[in-house]
Amino acid sequence: MQISEKYNPKETESKWYKYWLENNYFHSTPDERPAYTIVIPPPNVTGILHMGHMLNNTIQDVLVRRARMQGFNACWVPGTDHASIATEAKVVAKLESEGIKKENLTREEFLKHAWKWTDQYGGTILEQLKKLGCSCDWERTKFTLEENLSKQVIKSFVELFNKGLIYRGFRMVNWDPKAKTNISDEEVIHKELNGKLYFLKYKIEGSEEFMTVATTRPETIFGDVAVCINPNDEKYFHLKGKNVIVPIVNRIVPIIEDEYVDIEFGTGALKITPAHDINDYEIGKKHQLQIIDALDDDGKLNEHGLHYNGQDRFVVRKQIAKELEEKGLLLKAEDYVNKVGTSERTGEIIEPKLSVQWFLKMEDLAKPALEVVMNGDIKLFPEKFKNTYKHWMENIRDWNISRQLWWGQQIPAYFFGDGEDDFVVAENIKEALILAKEKTDNQQLTTDNLKQEEDALDTWFSSWLWPMSVFDGLNNPNNEEINYYYPTADLVTGPDIIFFWVARMVMAGLEFRNEIPFKNVYFTGIVRDKQRRKMSKQLGNSPDPIELIEKYGADGVRVGILLSAPAGNDLLFDEDLMLQGRNFATKIWNAFRLVQNWEKSETIKSNSADQQAIEWFENQINKTIIEVANQFEKFRISDALHLIYKLIWDDFCSWYLEIIKPNYGEPISKEVYQKTIYFFEELMKLVHPFMPFLSEELWQQMGNRNIDEALIIAQQKKATSFKEELVKDFDFTKEIISGIRNYRQSKGISPRETVEIFTNADSFKNEEIIKKLANSEQVNFNKKTDLPSFTFLVGGTEISIPFSENLDLAEEKAKTEEELKYLQGFLISVEKKLSNEKFVAGAPKQVLENEQNKQKDAQEKIKLLQEKLKTL
């Protein structure tokens, strides 16, 4: 059936995605084939597709489609992450808009709202991935908070606690007043913010003297318990052992000494507020100081804040500066740029806060996880990330795994008293009761006496199990699927979660299964705009991927984004590349329309040009297949696409089809036509992972296919060798033809006008092709012409074409003289360089060879031009 004049992406995409789903091509079950497994980095359940997702998931789809066509049982597991902080914040905001406060709800009531929100808005992103053509095994879709996965999270917590790796402790944490939870160090983003450095006057007790202390946070004076000086600071020797009065608070606190204080910074004196600064906390512990927490969970001053009780910390900062100034207790305030910790999720400024939290000991988990990366069991692409990984693993701190949230897996600790150790850890309350009875030796206890920990687990504590939990690997550690699909093959993710997720998955895999979770990790770059800014909704510089798909087609967008995605480097997004992707789709479509329109004849035999073209292209495909495989091994996916792009656009469309194309109105040999369709099919197999929709459409047009013959499951051609000499010879042929075409173009000579060729060569390898594409009736080997002619070199081979009678010889002579003059000047500059002994002695070998080649090339061209002038 004749294909339509124009390619219609929308219609094609909808048709074939439906066909793939109906015939279950994406679904995988264990069989005798080797497994190729990818687990999706689960996006936030309430998220929508952005450019980073589009890049990441296009790469994953390319890998999984290619694996399917290479004989693997390919399984791509999709799913979403419950994203505790982000989702809870959205649900809280929605409830507040309806006049409902979270604190007025029970946990159960709140969770009903959260599940309703998730059911309503969750999974949008997965539907959007289908538009992109992602061939995920949708039957396997998982959610990190679903019952089966939650059960595995709880199981892992209990196991780690029983091994002594999880503990409960009173520590300084990063408090997010907006989300009302602590967050880990990795979730804190330090930003440079403009602020003030306030110089406060602390009166020395029993004296009229003041000492000055500098702070960026005057509102924390309500938690001051000491002022600290360096014992070696001479300017404060006279104050040792004395007390000061905290401004406004009027609390008398001691002056203490510690070498931690930098004599040169500020005034050389520090106010010590153990409840509001990690370093102050450590000094307070060392000197056994009192802890006064002056802030509540909302970031407001509490009763310790006196008349500022209930006011926001930043409002108080302005007001207290005013009060201090009025009372003569503010020496000065200077502009100051400070690095301030902010919450990755909410953007809120973090408050250090003392709190009882749950921690996972990381040191022993990190050692084997570092080793498997350093020894190459797990390979990171690009390799530069090995150093980043190593640095973090060698400086790892215990992981704070508890969050003051309700949306997430509730920590399975059950309290039976008020003591620090009055709790047990178990997978459920029934098991907890048995343990509590044993621990207390009180058989009268009931479940009513047990109260479960309110905190939920950090989201990453569920996603670090993801490659195992999606195959039920912790509930059922020896099941068929975990044994078949795990370890997974490749992980594609962003370098920003190398610690949050990648390193932790490695630790979990080794801890729970004594196996690595994946063999390769490919880190994509960050998608940036032309000004190198990271794309974000806030900046408004990120296009909507779905709109791009509507405009350029999914295949066009996939090609566009991959053409600009160099391995591991940031991607500078340019919409013109999407246009290039769409144009590529149009080029392929039009090439097939051209071939399909040719009339086939069984009586016409192939000529020698056809045979030369077929033999060359067969080898060119094999060469490209080998090169593409090499690029995939290095995860240079953009480079692999460039090779296929060139093979189709240049080698197939511009050269092969031109050679075998029949003269206007004439038929083509059926034998050549069938070979051409075979080549087209092989090209569609190669391009399918990148352009699944267009390639499937054309594949189905090329023959009657049953469901077992769809392109998605067709096997790509395997190549182990090609005739290198033959490919080189054809490159030589292309240069000769291009030289003759340039002559026609530069002199305005019609392609229909035949030309005669003179050459110093004994023969041409592809003489018939040269004659056809250069429109030459005669090639004179080992012959010079005395006629005025256009001459050029291909390597050492000289090609001369006598000028057309219509050519202005005087104008040609002037142009030739001008070109000769330029080349002579160029040769002088090169020879000057080569006669410089210092340059020759010091230049790298490659640089020297380049200059010598320039000299030789210029000399040969000058000789040709001088001979040409004689004929003119």
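Select aspartate 224 to begin: setting aside neighbours within four places in sequence, this residue is in contact with Tyr202, Val246, Arg251, Val253, Lys271, Ile272 and Thr273. The model on screen is a predicted one, and the tour moves through it one selection at a time. Aspartate 224 sits in the loop between strand E8 (210–215) and strand E9 (226–229), and with a relative accessible area of 0% the residue is buried. Show the side chains of aspartate 224 and tyrosine 202 together, and a polar contact between them appears at 2.6 Å.

Next, select lysine 201, which belongs to strand E7 (residues 188–204). Adding valine 246, one of the residues in contact with aspartate 224, gives a pair that is 45 residues apart in sequence, while the C-alpha atoms of lysine 201 and valine 246 are 8.5 Å apart in space. If residues up to four places away in sequence are not counted, lysine 201 touches Phe210, Met211, Pro247, Gly328, Leu329, Leu330 and Leu331. Within that group, glycine 328 deserves a closer view, since its backbone oxygen is reached by the side chain of lysine 201 at 3.3 Å.

Move now to aspartate 61, in helix H2 (residues 51–68). Is this aspartate 61 buried or exposed? Aspartate 61 has a relative accessible area of 0% and is therefore buried, the cut-off being under 20%. The residues that aspartate 61 touches, not counting those up to four places away in sequence, are Trp76, Gly133, Cys134, Ser135 and Arg558. With serine 135 there is also a polar contact, in which the two side chains are joined at 2.7 Å.

For a contrast in accessibility, select lysine 116 in helix H4 (residues 107–121). Lysine 116 has a relative accessibility of 57% and counts as exposed. Valine 91 lies 25 residues from lysine 116 in sequence, and the C-alpha to C-alpha distance between the two is 9.5 Å.

The next selections concern backbone geometry. Most residues other than glycine have a negative phi, and most peptide bonds are trans. Start with phenylalanine 381 and proline 382, which are joined by a cis peptide bond with omega of about -10 degrees; proline 382 is placed in the loop between strand E15 (379–381) and helix H10 (385–394). Then go to tyrosine 486 and proline 487, where another cis peptide bond has omega of about 0 degrees, and where proline 487 occupies the loop between helix H14 (480–485) and strand E22 (488–493).

Aspartate 472 can be selected next, in the loop between helix H13 (466–469) and H14. Its phi is positive, near 60 degrees, in a residue other than glycine, and at 21% relative accessibility aspartate 472 counts as partly exposed. Arginine 532, found in the loop between strand E24 (527–528) and helix H16 (545–552), also has a positive phi, near 70 degrees. With a relative accessible area of 52%, arginine 532 is exposed.

Continue to helix H19 (residues 608–633), whose 26 residues should span 38 Å at 1.5 Å a residue, in agreement with the 38 Å between its end C-alpha atoms. At the start of H19, look for the side-chain oxygen of asparagine 607 that comes to within 3.0 Å of the backbone nitrogen of alanine 609. Following H19 is phenylalanine 635, with a positive phi near 60 degrees.

Helix H21 (residues 670–687) comes next, with 18 residues and a reach of 25 Å from the first C-alpha to the last, close to the 26 Å expected at 1.5 Å a residue. Colour H21 by accessibility, and 13 of its 18 residues turn out to be buried, so the helix is largely enclosed by the rest of the structure.

Finally, select helix H18 (residues 575–597) and helix H22 (residues 692–701), whose axes come within 11 Å and cross at roughly 5 degrees. H18 and H22 are therefore roughly parallel to each other. Which residues make the contact? From H18 there are Ala585, Ile588, Trp589, Phe592 and Gln596, and from H22 there are Leu694, Glu697, Leu698 and Gln701. Sorted by class, this contact of H18 with H22 has six nonpolar, two polar and one charged residues. An α-helix has 3.6 residues a turn, so residues three or four places apart point the same way.

Conventions:
Residues numbered from 1 in each chain as written. Predicted model: local features only at pLDDT ≥ 70, side-chain atom pairs only at ≥ 80, totals over all residues. Heavy atoms only, no water. Axes fitted to C-alpha atoms, helices over the stretch in contact; angles between N-to-C directions. Helix = DSSP H or I, 4+ residues; strand = E, 2+ residues; numbered from the N terminus. Parallel < 35°, antiparallel > 145°, perpendicular 65-115°, else oblique. Contact = heavy atoms within 4.5 Å. Nonpolar A, V, L, I, M, F, W, Y, C, P; charged D, E, K, R; others polar. Expected span 1.5 Å × (residues − 1). Polar contact = N/O pair within 3.5 Å; in protein donor to acceptor, adjacent residues only side chain to side chain. Buried < 20%, exposed > 50% of the residue type's maximum accessible area, 1.4 Å probe, protein only.
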